[in-house]
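Trainee: Could you take me through one part of this chain slowly? I'd like to see how a single residue sits among its surroundings.

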Amino acid sequence: MTQPKSAPVVRITDAARVVVGSTNPVKIAAVRAVLERVGARARVDGIAVASGVSDQPLGDAETIRGATHRARAVLAQTDADFGVGLEGGVVDERGVDGAGAMRTCAWAAVVARDGRVGTGGSLAMALPARVA
């Protein structure tokens with residue numbers, strides 16, 4: 001039995017240019033740090049793009065949509081090999097009785113020029129009641 005042919009693997013370590021969907025220097029530095037850690041020598045830039053979601057995304061799904069939208073917007077506006085979107089939000093885990101808490105969420109999306117998408121989330125922190 002023959003194995004099906006798969007598309008060539010494009011690794012982020014092979015990228016010439018990665019663009020972050022933000023001009024926030026902390027976000028750009030974070031992407032650079034991750035790429036350096038995996039041995040990538042890509043040029044990393046940032047441009048301002050809209051998230052396509054509310055200013056304070058509510059829930060993991062909306063936050064992931066925002067990160068993915070940013071990454072895709074970067075590719076539409078640049079010649080980057082990969083677009084990166086970073087988005088933070090909150091998740092309301094309070095029940096109808098008011099029990100529970102709100103927590104933070106943060107998601108990263110990486111979109112390759114060929115359309116492949118990868119997402120990953122960070123740790124979450126419960127928000128104090130006076131903030132939530």
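Mentor: Let's start with the whole chain and then look closely at T78 and what lies around it. Keep in mind that this is a predicted model, where local features need pLDDT of at least 70, side-chain atom pairs count only at pLDDT 80 or more, and totals for chains, interfaces and linings use all residues. Residues are numbered from 1 along each chain as its sequence is written, and side-chain values use heavy atoms, with hydrogens and water left out.

Okay, the big picture: the protein chain has two helices and five strands, and along the sequence they run β-α-β-α-β-β-β. Those elements are DSSP runs, numbered from the N terminus, with helices being H or I of at least four residues and strands being E of at least two. Of the 132 residues, 35% are buried; that means under 20% relative accessible area, while exposed is over 50% and partly exposed is in between (1.4 Å probe, protein chains only).

Now for T78. You'll find T78 in the loop between α2 (60-77) and β3 (82-92). T78 counts as buried, because its relative accessibility is 16%. Leaving out neighbours within four places in sequence, T78 is in contact (heavy atoms within 4.5 Å) with R17, V19, I47 and R113. Take I47: it is 31 residues away from T78 along the chain, and their C-alpha atoms are separated by 9.2 Å. The side chain of T78 also reaches the backbone oxygen of V74, at 2.8 Å.

Next, hop over to R17, one of those contacts of T78. R17 belongs to strand β1 (residues 17-20), and R17 counts as buried too, because its relative accessible area is 17%. Again setting aside neighbours within four places, the contacts of R17 include A42, R43 and D45, along with T78, D79, A80, D81 and F82.

Finally, follow the chain past the loop into β3. β3 pairs with strand β4 (residues 102-112) in the antiparallel sense, over eleven bridges; two strands pair if DSSP finds at least two bridges between them. Within that pairing, G89 stands opposite C105 in β4. β4 also pairs with strand β5 (residues 117-121), antiparallel as well, over five bridges, and V110 has G118 in β5 as its bridge partner. β4 and β5 form a hairpin with four residues between them, and G115 in the turn has a positive phi of about 100°.

Methods: A polar contact is a pair of N or O atoms within 3.5 Å; within protein, one must be able to donate a hydrogen and the other to accept it, and residues adjacent in sequence count only if both atoms are side-chain atoms.
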